[in-house]
Amino acid sequence: MSACLIAPSILSADFARLGAEVDAVLQAGADWVHFDVMDNHYVPNLTIGPMVCEALRRHGVTAPIDVHLMVKPVDRIVPDFAQAGATYISFHPEASEHVHRTIQLIRSHGCRPGLVLNPATPVEVLDYLLDELDLVLLMSVNPGFGGQAFIPSALDKLRRVRERIAASGRDIRLEIDGGVKPDNIGAIAAAGADTFVAGSAIFNAPDYAAVIAKMRAEVAA
Ligand code: DX5
Ligand code: ZN
C-alpha cells in the first residue's frame, strides 16, 4: 500500500486567516490540503469555491489541493476548479447525471478524478468506474459539517473497497473523511485507508505538528 497521507480539512480552519492556517498545517507535516466545497443545495451548508482555491495557489501553496465537491450539479464548476489549481477533484455520484462523463471531464481538465461514497452509498457504485478513478473517498459521516462522530460501518466498507482496489491492480488512493481522530485512525488504517482527512481533530488542537505526528504514529503502529 502507498504511504500514509494526512489531508487536513480547512473547513475547521480559521477562515479569517486561511493562508496562514494552510501554511501552518503544511509546515506541521500535512501532505495535502482537503478543500470542502458546499453549496447549500446538495448539502445544507455553504463554504468556499474556486476563487479561494486560486487565492491559496497565489499565496504560494504548492501542496496538492484535494477538492471535495459537495455540489449539484457538478460539471459546470469543474473547469473553474481546474483553472484555480485543484489537484484532485472528487464528487458524489448522486450529484451528477452522468457519472462516467464527469470523471472524464475532470481528467480532460488535467485533474485527478475521485468518487465520494456517502455512508449509505453501496460500494457497487464503483462497478464500471474504478478503472477511471485515481481516488475513492469514503465518507464516515454524512456530508455537510465538520466535527461529527465517525460512523463505525465505514470500517467494513473500507475493507470492501480496499479489496476492489487491490483486484483492479491500479494505483488508487483510498481516502476516509469524517470523524478521524488519533484514537481511531489506527483502526481506520488497518481497514485499508491510506489517505486521512481530519478537520476538527487537527485545527482544534493546540499544536498541529503534535497531532499530525500522533496520527502518523498510530497509523504505523
Ligand atoms: C464533511 C467534510 C469533512 C469534514 C471533516 O462534509 O467533507 O471533510 O470537514 O471534518 P471532521 O474531521 O471534523 O469530521
Ligand atoms: Zn471533505
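Student: Which elements each supply at least two residues of the shell around ligand 1?

Tutor: They are β2 (33-38), β8 (195-198) and α7 (200-203). Helices are DSSP runs of H or I with at least four residues, and strands are runs of E with at least two, numbered from the N terminus. The model is predicted: local features need pLDDT of at least 70, side-chain atom pairs count only at pLDDT 80 or more, and totals for chains, interfaces and linings use all residues. Residues are numbered from 1 along each chain as its sequence is written, while chains are lettered from A and ligands numbered from 1 in the order in which they are written.

Student: How many residues surround ligand 1, and which are the closest?

Tutor: The number is 21, and the closest are Ser9, Leu11, Gly146, Gly199 and Ser200. A residue is near a molecule if its C-beta atom, placed from the backbone, lies within 6 Å of it.

Student: What is the make-up of this shell by class?

Tutor: Seven residues are nonpolar, 12 are polar and two are charged. Ala, Val, Leu, Ile, Met, Phe, Trp, Tyr, Cys and Pro count as nonpolar, Asp, Glu, Lys and Arg as charged, and the others, Gly among them, as polar.

Student: Which residues does the UniProt annotation "binding site" that includes Ser9 cover?

Tutor: In the unreviewed entry, this annotation covers Ser9, His68, Gly144, Phe145, Gly146, Gly147, Asp177, Gly178, Gly179, Gly199 and Ser200. UniProt positions are given in the numbering used here, feature names are shortened, and annotations may be inferred rather than shown by experiment.

Student: Why is Gly178 called buried or exposed?

Tutor: A residue is buried if 20 or more other C-beta atoms lie within 10 Å of its own, exposed if 12 or fewer, and partly exposed in between, with C-beta atoms placed from the backbone. Gly178 has 24 such atoms within 10 Å, so this residue is buried. Gly178 is found in the loop between β7 (173-177) and α6 (185-190). Leaving aside neighbours within four places in sequence, Gly178 is in contact (C-beta atoms, placed from the backbone, within 7 Å) with Met139, Ser140, Val141, Gln148 and Phe150.

Student: What burial class does Ser200 receive, and why?

Tutor: Ser200 has 17 C-beta neighbours inside 10 Å and therefore counts as partly exposed. This residue lies in helix α7 and touches Ser12, Gly146 and Gly147, not counting residues up to four places away in sequence.

Student: A second "binding site" annotation covers His34, Asp36, His68 and Asp177. How do you know whether these residues are gathered or scattered?

Tutor: They span 144 residues in sequence, yet no two of their C-alpha atoms are more than 10.5 Å apart, so they gather at one spot. This annotation, too, comes from the unreviewed UniProt entry.

Student: What makes Asp36 buried or exposed?

Tutor: Asp36 has 24 other C-beta atoms within 10 Å, so this residue is buried. Asp36 is placed in strand β2, and its contacts beyond four places in sequence are Ser9, Leu11, Thr47, His68 and Met70.

Student: On what count is His68 classed as buried?

Tutor: His68 is buried because 26 C-beta neighbours lie inside 10 Å. His68 belongs to strand β3 (residues 65-70). Among the residues that His68 touches, beyond four places in sequence, are His34, Asp36 and Asp177.

Student: Why are the buried residues of α4 said to lie on the same side or on opposite sides?

Tutor: The buried residues of helix α4 (residues 99-108) are Thr102, Ile103, Leu105 and Ile106. They cover an arc of only 160 degrees around the axis, so they are on the same side of α4; the arc is that of the directions from the helix axis to the C-beta atoms. An α-helix has 3.6 residues a turn, so residues three or four places apart point the same way. The face turned away from the buried side carries the exposed residues His100, Arg101 and Ser108. The cover of the buried residues includes α3 (78-84), β4 (88-91) and β5 (112-117).

Student: How many helices and strands does the chain have, and why is the chain called as compact as a globular protein of its length?

Tutor: There are eight helices and eight strands. The radius of gyration is 16 Å, close to the 17 Å that the globule rule gives for 221 residues, so the chain is as compact as a globular protein of that length. The radius is taken over C-alpha atoms, and the rule is 2.2 Å times the number of residues to the power 0.38. Of the 221 residues, 43% count as buried.

Methods
Two residues are in contact if their C-beta atoms, placed from the backbone, lie within 7 Å.
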